[in-house]
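Work through the exercises below with the model open beside you. Try each task before you read its solution.

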Amino acid sequence: MQENSRQSQMILNDNLWKIMVKLTLPAILAMGLHGLNVIFDAIFVGKFVGELALSGISVAYPLTQIALGVGAMVGGGAGAYLSIVIGKKDIEIQNKILGNANLLGIILTIFLMIILVIISGPLLSFMGGKGQVLEIALSYFKIIIIGTLFWIFSLGYNMIIRAEGKMGKAATIMGIGLAVNIIANYILMVVFHFGVVGAAWGTNIGMFVSALLSIMYFKGGKTTFKAKFALRRDKEIINKIIALGMPQLIMSITALILGIVIFNAIGAVGTDYDLAFYGVSFRIMTFMMMILNAFMRSLQPVVGMNFGAKKFNRVISATKIYILGSLIIIMPFYLMAVLNPQTILGLMFEGPISSENIFNFVIFISIIPLFTIMMNGMSYFPAIGEAKIATTMPLLRQVILYIPAMIFLPRLFGVQYVYISSFVIDIFVTLIILILLVKSFAKLRKTMN
């Protein structure tokens, strides 16, 4: 426990730039590896199965985010609460969090699997899946449903580990899971020619390994808190986990709704190639957002612990430092994509990419630098107990703004407006989050006076 106490004291007292580097570099590795799961599936399917199969898994991909959303809700909510009570030195609550997260995760897994078995077919149809594309999407997603438990607990446990500040441990576990996924994909798809079914099983196996390694870590007695693994039912703690984690789930659900709308719009006015191209562009965007997610996740324990300890000056400074630091780190990846898009997209597509699609891709990812404000802001508000703001922003972005834009503009002006609309909406939402951050900082400063 002495080592774990030093970890908490570092977050509460050390230089914030030093803390950001120490916590975020392993987190970048962890989230980058998680993002590579998405990229490698597309590479293997695009290169070894074909464009039609790539369209199929692109249609199915938004549905896979439901399980990750549930995992993020449980892990993110438990992690945010854990950081706050570590800052408050509330040992009793710390010891109860994992058992309640386990119970909540199991209940939600059972419920989600039942729902997905019933509605996956109609959902994939709504998302624009037709004919062979729909058949491929269904065969892929049915296997993913089998691994729902592993998806939820792999991500959920990893987020709890990160909430302790153990970014290196989280990265190691995620890295091993990715390595297993890649090896399984190669064996199942290249050696045994299982196609998209092999891609789905490969991902499930990787998630299982990550979840298993996390369980071994919790049971190994090296956690910052006393990780009592037995199932617990404490209504107040479960409600707190749900409240703090709900923004994560809402983001995933609204992203699914948005995915249905976008793929329907593309399916109505575009081709199978347009579906595949959007799917690939979205995966590349997701990979870069995973890197920013590393800052978002490592900011959460820093803000949460210092807020719990009433060190509001450090809360404000840490948030600003993380926004600047994430911008510095993401720029090389962003510039690589916008300056050499043909090479990046060529990893998943055979042949040259049209100039129109190059433009679509570049405008789509050009919001990435501003996401440094949006994503760190979305971590800051739950970490100070302001879950309502973090819940409202995804609803504003993905339901109130995105859905009407995606229903009407592509049908009126063509597929290109899927990408242009995304860019304009995200600029607007980022400005709102920036204003809310400034107001919150002012409120904290007033509390200190």
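Buried means under 20% relative accessible area, exposed over 50%, and partly exposed in between, with a 1.4 Å probe and protein chains only. The model is predicted: local features need pLDDT of at least 70, side-chain atom pairs count only at pLDDT 80 or more, and totals for chains, interfaces and linings use all residues. Residues are numbered from 1 along each chain as its sequence is written, and side-chain values use heavy atoms, with hydrogens and water left out.

**Exercise 1. Classify Thr203 as buried or exposed, then describe its surroundings.**

Step 1. Locate the residue. Thr203 is in helix α8, residues 195–219. Helices (H or I, at least four residues) and strands (E, at least two) are DSSP runs, numbered from the N terminus.

Step 2. Apply the cut-off. Thr203 is buried because its relative accessibility is 3%.

Step 3. List the contacts, meaning heavy atoms within 4.5 Å. Beyond residues up to four places away in sequence, Thr203 touches Asp41, Trp151, Asn181 and Asn185.

Step 4. Check the side chain. One of its polar atoms lies 3.1 Å from the backbone oxygen of Ala199.

Step 5. Compare sequence with space. Ala184 is 19 residues from Thr203 in sequence, and the C-alpha atoms are 8.0 Å apart.

**Exercise 2. Find which residues lie closest to the centre of the second largest cavity, and say what lines it.**

Step 1. Fix the term. On a 1 Å grid over the protein atoms alone, a cavity is a set of points where a 1.4 Å probe fits but cannot get out; lining residues have an atom within 4 Å of a point. Grid points are joined across faces, edges and corners, and a volume is the space filled by probe spheres set on the points.

Step 2. Search the whole structure. There are 6 cavities of 30 Å³ or more. The second largest holds about 150 Å³.

Step 3. Read the lining. It has 16 residues, and Gly76, Met159, Gln248, Arg297 and Gln300 are the closest to the centre.

Step 4. Assign helices. At least two lining residues come from each of α3 (51–88), α6 (148–163), α9 (235–269), α10 (272–308) and α14 (368–383). The top contributor is α9, with 4 residues.

Step 5. Sort by character. Ala, Val, Leu, Ile, Met, Phe, Trp, Tyr, Cys and Pro count as nonpolar, Asp, Glu, Lys and Arg as charged, and the others, Gly among them, as polar. The lining then divides into 9 nonpolar, 5 polar and 2 charged residues.

**Exercise 3. Identify which residues touch the most other members of the largest nonpolar core.**

Step 1. Define the core. It is a set of buried Ala, Val, Leu, Ile, Met, Phe, Trp, Tyr and Cys residues joined through side-chain atoms within 4.5 Å.

Step 2. Rank the members. Among the 150 residues of the largest core, Ile365 and Tyr380 touch the most others. Helix α3 gives the most to this core, with 19 residues.

Step 3. Inspect one hub. Leaving aside neighbours within four places in sequence, Ile365 contacts Met285, Met288, Tyr334, Ala337 and Val338.

**Exercise 4. Say where His193 and Lys310 lie, and what sign their phi angles have.**

Step 1. Take His193. It sits in the loop between α7 (167–191) and α8. Its phi is near 55°, a positive value in a residue other than glycine. His193 counts as exposed because its relative accessibility is 63%.

Step 2. Take Lys310. It sits in the loop between α10 and α11 (312–339). Its phi is positive, about 60°, although it is not a glycine. Lys310 is exposed, with a relative accessible area of 63%.

**Exercise 5. Determine what the side chains of Ser298 and Lys96 pair with.**

Step 1. State the criterion. A polar contact is a pair of N or O atoms within 3.5 Å; within protein, one must be able to donate a hydrogen and the other to accept it, and residues adjacent in sequence count only if both atoms are side-chain atoms.

Step 2. Take Ser298. It lies in helix α10 and is buried, at 0% relative accessibility. Its side chain makes a polar contact with that of Tyr322, at 3.4 Å.

Step 3. Take Lys96, in helix α4 (residues 91–126). Its side chain makes a polar contact with that of Glu92, at 3.2 Å. Outside its neighbours within four places in sequence, Lys96 contacts Arg232, Asp234 and Ile237.

Definitions and conventions
1 Å grid on protein atoms, 1.4 Å probe; cavity = no way out; pocket = protein on both sides within 12 Å on 5 of 7 lines; lining within 4 Å.
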